[in-house]
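Student: Could you take me on a close look at a single strand and what sits beside it? I'd like to go slowly, and then see how the rest of the protein fits around that.

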Amino acid sequence: MTVDARTAAGVHAGLAPDQDRRAPERGYAGLSWWLEDAGEELVPRPPLDGSMDVDVAILGAGFTGLWTALELLKREPSLRVAVVEREIAGFGASGRNGGWCSGELNISMRTLAERHGAEAAKAVRRTMHDTVDEVGSASAAEGIDACFRKGGAISVARTTAELPAMWAEVEEYERFGFGEQCVPLDRASLDDHLRVPGAAGAVFMPACAAVHPGRLVRGLARAVEARGGEILEQTGVTGFARRGRRSGTLMGRATGSDERATLRTRRGDVRADTVVLAGEAYLTQLPQLHRQLLPIYSLIVLTEPLSDEQWSSIGWQGHECVSSFRLTIDYLSRTPDGRILFGGRGAPYHFGSRIAPAFDRDSDTHAMLRRMFAKWFPTLRGIAFTHAWGGPLGMPRDWEPTFSYDRETGIASARGYTGHGVATANLAGRVLADLITDRRTEITELPFVNHRSRDWEPEPLRWLGARYVQLSMMRLDRLGERDGKAPTGRSLAERLSRH
Ligand SMILES: Cc1cc2nc3c(=O)[nH]c(=O)nc-3n(C[C@H](O)[C@H](O)[C@H](O)COP(=O)(O)OP(=O)(O)OC[C@H]3O[C@@H](n4cnc5c(N)ncnc54)[C@H](O)[C@@H]3O)c2cc1C
């Protein structure tokens, strides 16, 4: 099987079939400030050189693939693990994100409780909160300096229109017994963290750390190698095959051979007992998974380093991650060298789930983010923005992540974090490692285990639906900002995207 021809044409337009990779203009460091500041030359590791046999073959050297490899090798050091990566470790969302290592998921406790029961919803919440600390301790144990700083998160209702969403969040945390994880802040307490002019309210959520995702993902790749794992870069997977028995006839007699699970590449096959598909948004380029996720672009702008006076003017002294309650999502974090990262959704979904380097830089969306930044921090007007980038994240139809393993077919996968993958990928890695090594643990009982989301609609319905919801959310945010009108939750777009 091969990568869907139309999609591949979108991604690798103009490249000869064997050159299924493309470094950005300024090399891989040009993909994001995080990769530029990763503290190493981003020289690709050697590619696969002919077919090979291993115990576990993993597609994708992002957080999911690398945590899975590392956790497998921690459990069973003698396992042969190979990670097959089309570009370099950290090329995907893992090397480009907002640096929030957060205990939050995109799916609410309410929805999880409706689907799986209140106890399962609470178990997810507790596990996610613990996972934030696990990322800090597991990376430190591997000698990775991921600049992990657990300063919590502040969500600000920037206008009165955002207050109902804020109070709904507070109420949900209280109802499930996690009130201390979402604490309303009065004006003075908010000002102690950050001064946001005109803020109508805010909450503090302690289960969040700021990390340097570039250093984390690159450090994880080295840690996997130090434990004996192999990382094959510049090697695009064109398809995969399940484990099974292939039967046929030879001179009239029935024959059969056992086939191992396989990652197929143009440089050879990687055969294994288990194949792990860890490509998040890019998994949509494999025909079998094409409609499992919606690739949605999140874009980021980054300021120059702030002076001490500028930091004082906004009163942001700690390492809290910051966001608002807008429907279209914005997120801020503070880099280790004193810049502000400002990210948001809002870039359009592309017909046919296309992913292309050009979509990382959407000038209208980047300009909108710079304008939004000025509204957050009027005292920083005139500050220079030095970087702008973006990348695709994977959104499942029911907002619920999947951590799956089927011993019979030998296929495992973790995906569908909808922009909350920095911590979740670590959990996914531990869950997959437990499942593959046949361990039954508390985390293998979570509702995401062996969950499969229903597929997204075929085109053109998918594009029509996605664009309708995206544009409606932007309109509702604009109305809220202009007239203080809170979304009712009853509009079609809000009902379609309820989670
Ligand atoms: C702009 C942006 C901001 C974000 N901000 C945050 C945040 O602040 N906090 C948070 O929790 N989450 C955030 N996310 C989401 C988070 O970064 C991701 O959920 C997470 O990094 C996913 O990790 P992954 O390893 O599953 O996928 P990825 O990091 O996307 O890795 C997939 C890898 O697979 C490789 N690959 C794909 N196809 C193939 C193939 N055919 N053959 C071989 N290799 C292949 C890719 O090159 C890539 O390296 C953000 C995402 C984006 C895009």
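**Strand β5 and its surroundings**

Tutor: Let's start with one pair: Ala157 of β5 has Gly201 in β7 as its bridge partner. A quick word on what you're looking at: this is a predicted model, where local features need pLDDT of at least 70, side-chain atom pairs count only at pLDDT 80 or more, and totals for chains, interfaces and linings use all residues. Residues are numbered from 1 along each chain as its sequence is written.

Strand names come from DSSP: strands are E runs of at least two residues, helices are H or I runs of at least four, and both are numbered from the N terminus. Two strands pair if DSSP finds at least two bridges between them. With that in hand, β5 (residues 153-157) and β7 (residues 201-205) pair in the antiparallel sense over 5 bridges. β5 also pairs with β17 (residues 321-324), this time in the parallel sense over 4 bridges. In that pairing, Val156 has Ser324 of β17 as its bridge partner.

Now, how covered is β5? Mostly: 5 of its 5 residues are buried. Buried means 20 or more other C-beta atoms within 10 Å of a residue's own, exposed means 12 or fewer, and partly exposed is in between, with C-beta atoms placed from the backbone. In a regular strand the side chains alternate between the two faces of the sheet. In β5, Ala153, Ser155 and Ala157 point one way, while Ile154 and Val156 point the other way, and all are buried.

Pro348 makes a nice contrast. You'll find Pro348 in the loop between β19 (340-344) and α10 (363-376). Pro348 is partly exposed because 16 other C-beta atoms lie within 10 Å. Pro348 touches Arg467 and Gln470, not counting residues up to four places away in sequence; contact here means C-beta atoms, placed from the backbone, within 7 Å. Pro348 and Ile296 are 52 residues apart in sequence, yet 7.7 Å apart in space, C-alpha to C-alpha.

Let's step back to the domains, whose bounds come from an automatic or database domain assignment. That assignment gives domain 1 (5-92 + 214-246 + 255-286 + 398-445), domain 2 (109-209 + 294-389 + 458-463) and domain 3 (464-499). The centres of domain 2 and domain 3, taken over C-alpha atoms, are separated by 19 Å. Their contact takes 18 residues from domain 2 and 16 residues from domain 3. On the domain 2 side, α6 (163-175) and α12 (461-483) each supply at least two residues, and the largest share, 3 residues, comes from α12.

Elsewhere, there's another strand set to explore. β13 (residues 261-265) and β14 (residues 268-272) run antiparallel and are joined by 5 bridges, with a hairpin of 2 residues linking β13 to β14. In this pairing, Thr262 stands opposite Arg271 of β14. β14 also pairs with β1 (residues 52-53), in the parallel sense over 2 bridges, where Met52 has Val270 as its bridge partner.

Finally, take a look at Leu66. Not counting residues up to four places away in sequence, Leu66 touches Ala61, Val83, Ala89, Val217, Leu220, Ala221 and Val224.

Key:
Contact = placed C-beta atoms within 7 Å.
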